[in-house]
Amino acid sequence: MRDIDKLYPTLHKASEEKFVDTVNRMIRKKNPPTRLQAQQKIIGYSQRELAEKVGINLRTLQQYEIRAKDINKAAGVTLLCLIHVQFITPVFDRQCTNKPKKGKLFLLL
């Protein structure tokens, strides 16, 4: 909030659009995109497509992207499926189908 207060002397006569653009730039600087968002953009999937291919809820993916949920605490299987979909799928166009039922130990080959 203090940063916005500091803008008053320079932007108090500016248009609303300029003020909004300036504040949005400040917010983006403080909250850079996650690696998950960046990789999603590179492979060209929407959030919904990525969530479906990984086998997780769309809301869960969104929470990982805005850092509301810690992706480091995600199930190992979810992380493996994210890696599979983001790095293997673009080459082979496959869905992560190796998701086991809860409590089952498995290996992704």
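Start with the contact map of this predicted model: of the contacts between residues at least 6 apart in sequence, 47% join residues at least 24 apart. Keep the whole chain on screen for a moment and color by secondary structure. You'll get six helices and zero strands, running α-α-α-α-α-α from one end of the sequence to the other. Switch to a burial coloring and 28% of the 109 residues show up as buried.

Now color by pLDDT. The mean for the protein is 76, with 78% of residues at 70 or more. Among the helices, pick out H5, where confidence is highest at a mean of 90, then jump to H6 (residues 76–92), where it is lowest at 71.

Next, select residues 100–109. Here pLDDT stays under 50, and the model gives this stretch six contacts beyond four places in sequence. Don't zoom in too eagerly: where pLDDT is low, the predicted coordinates should not be read in detail.

Back to firmer ground: select H4 (residues 47–54) together with H5 (residues 58–65). How do their axes meet? They come within 9 Å and cross at roughly 115°, so H4 and H5 are roughly perpendicular to each other. The crossing of H4 past H5 is right-handed.

Show side chains at that crossing. From H4, turn on Gln47, Arg48, Leu50 and Ala51; from H5, add Leu58, Leu61, Gln62 and Glu65. These are the residues that make the contact. Color them by residue class and the H4–H5 contact splits into four nonpolar, two polar and two charged.

Conventions. Residues numbered from 1 in each chain as written. Predicted model: local features only at pLDDT ≥ 70, side-chain atom pairs only at ≥ 80, totals over all residues. Heavy atoms only, no water. Axes fitted to C-alpha atoms, helices over the stretch in contact; angles between N-to-C directions. Helix = DSSP H or I, 4+ residues; strand = E, 2+ residues; numbered from the N terminus. Parallel < 35°, antiparallel > 145°, perpendicular 65-115°, else oblique. Left-handed = near helix turned anticlockwise from the far one by under 90°. Contact = heavy atoms within 4.5 Å. Nonpolar A, V, L, I, M, F, W, Y, C, P; charged D, E, K, R; others polar. pLDDT = per-residue confidence, 0-100. Buried < 20%, exposed > 50% of the residue type's maximum accessible area, 1.4 Å probe, protein only.
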